[in-house]
Amino acid sequence: MQIQAPKGTKDVLPQDSYKWQYVEGKIRELCRLYGISEIRTPVIEHTELFLRGVGDTTDIVQKEMYTFKDKGDRSITLKPEGTAGVVRAFLENRLFNETMPQKMFYLNAPVFRYEKPQAGRLREHHQFGVEIFGAASYETDAELMLLALNLLKELGLEDLELKINSIGCEKCRKEYNKALYDYLKGHIDSMCRTCQGRFERNPMRIIDCKEEHCKEICKGAPRTIDFLCDDCRAHFEGLKRCLDACGVKYEVDTDIVRGLDYYTRTVFEIVSNNVGAQGTVCGGGRYNNLVEELGGQPLPAVGFGLGLERLLLVMENTKAIFPDPPRIKVCFAAVGDEPKLRAFSLVQQLRENGVSAEFDHMDRSMKAQFKYANKLEAEYTVVIGEDELRDGSAKVKNMADGIETMVMLDEIVDFFTE
Ligand SMILES: [Zn+2]
Ligand SMILES: [Zn+2]
């Protein structure tokens, strides 16, 4: 029986990978403009990192992690999100001793969550994320939103909405949690089991519940924005001024609390109206307590993550323009031992000189080799038969206009490199 890929995973095939590379190229270019360097962290981490870093009352930790014992009896987890591993690396490598802020991105990082696969959201999916450590300013929050928006715009996406909210700090969160607790008290018995489990320890998570009935109840719940302390309010106002100054449209959406425990103050999402059921393409926020939570000195930080599968899906749905797939420049057609040998060595010479070239690996007839060159959409075909070999020349055909040129075999490489 044929073995299939695990549910919720997807292959990127050779004929499609150029789309990924295109998006990755844009991301790298944009990060360079924003002065952000790449960090790469392992796919596996100690489970403890996510219990502490993501929060043990979150859906991710309670329901969705791929956790297993390794042969040394350690509890290991496949990364369910990108930030905790980066913070762990930041601390372990003492990057806090470097000049602040420390700005870093990860790209194409696989993230694993055991959940019901949905459009653009697989059990193994890939993320682009940015984390900025050491800066508490609202300008930093705004900078990240601009980066994400610019990327999506660069990629040809339209119909995007930036939604922002502030969920306060530990100081004002206490007040809020009390108000929320009081509000939910009368309803909690009718709510789902997950919500009931969170009620005592972390009522704010309940706002994130996706059950219809719970959502209905949460509509009347108090909002974090009404409980902000003076500092948090000033931060939020500053952020809005920054976005206004750059002409960025946004909406304050008090429903956004993000599904992770570590956020403080700013949270944001970028929503596309083109993905289908769940339209968030990018989400992030400030996490001023996470570094300390994971054993470091208190240090403000802010970041976002963006799912690449979902981004590509939105791009396909919105007919965003991808560049043409890469094409072979020169395809050789040769029949007979000597001509084939000459073609083979010319292909190598061209490649060594930076020209993409291909030859017939399949012992095809001349006619079939032409078909193959067409299939590859080669820009040129070079025909070498016994006659050509005797004359020391070859017929070079420009496939776009059909014009044929005789070129000396000794000059083929020059012909294509000049
Ligand atoms: Zn506050
Ligand atoms: Zn619920």
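Asp-73 is found in the loop between β3 and β4. In this predicted model, Asp-73 has a positive phi of about 65°, although the residue is not a glycine. Most residues other than glycine have a negative phi, and most peptide bonds are trans. The second part of that rule also meets an exception here: the peptide bond from Met-100 to Pro-101 is cis, with omega near 0°. Pro-101 belongs to the loop between α4 (83-92) and β5 (102-112).

The strands on either side of Asp-73 pair with each other. β3 and strand β4 (residues 75-78) are joined in the antiparallel sense over 3 bridges, and Lys-69 stands opposite Ser-75 in β4. Both strands are part of an open sheet of 3 strands, ordered β2-β4-β3, with antiparallel pairing. At the edges of this sheet lie β2 (44-46) and β3 (67-69), each of which pairs on one side only. On average, neighbouring strands of the sheet are turned by 35° against each other, direction ignored.

A further open sheet contains 8 strands in the order β1-β5-β6-β11-β10-β9-β7-β8, and its pairing is mixed. Its edge strands are β1 (37-38) and β8 (251-252), each pairing on one side only. Within the sheet, strand β6 (residues 124-133) and strand β11 (residues 301-307) run antiparallel and are joined by 7 bridges. One residue pair can be named in this ladder: Gly-129 has Gly-305 in β11 as its bridge partner.

Helix α5 (residues 138-154) lies across several strands, namely β6, β7 (160-166), β9 (264-272), β10 (280-286) and β11. Relative to β11, helix α5 runs at about 15°. Two helices that pack with α5 are compared below.

| Helix pair | Angle | Axis separation |
|---|---|---|
| α1 (residues 17-33) and α5 | about 140° | 10 Å |
| α5 and α9 (residues 230-245) | about 45° | 8 Å |

The angle of about 140° between α1 and α5 makes α1 oblique to α5. The crossing in which α1 passes α5 is right-handed. From α1, the contact is made by Lys-26, Ile-27 and Leu-30, and from α5 by Leu-147, Asn-150, Leu-151 and Glu-154. By class, the residues of this contact divide into 4 nonpolar, 1 polar and 2 charged.

For the other pair, the angle is about 45°, and α5 and α9 are therefore oblique to each other. The crossing of α5 and α9 is right-handed. Here Tyr-138, Glu-139, Asp-141, Ala-142 and Met-145 in α5 meet His-235, Gly-238, Leu-239, Cys-242 and Leu-243 in α9. This contact of α5 with α9 comprises 6 nonpolar, 2 polar and 2 charged residues.

At the level of the whole chain, the protein is divided into three parts: domain 1 (17-169 + 229-317), domain 2 (172-221) and domain 3 (330-417). Domain 1 is thus given as two stretches of sequence, 17-169 and 229-317. The centres of domain 2 and domain 3, taken over C-alpha atoms, are separated by 70 Å.

How values were computed: Residues numbered from 1 in each chain as written. Chains lettered and ligands numbered in written order. Predicted model: local features only at pLDDT ≥ 70, side-chain atom pairs only at ≥ 80, totals over all residues. Pairing = 2+ DSSP bridges. Helix = DSSP H or I, 4+ residues; strand = E, 2+ residues; numbered from the N terminus. Contact = placed C-beta atoms within 7 Å. Axes fitted to C-alpha atoms, helices over the stretch in contact; angles between N-to-C directions. Domains from an automatic or database assignment. Parallel < 35°, antiparallel > 145°, perpendicular 65-115°, else oblique. Left-handed = near helix turned anticlockwise from the far one by under 90°. Nonpolar A, V, L, I, M, F, W, Y, C, P; charged D, E, K, R; others polar.
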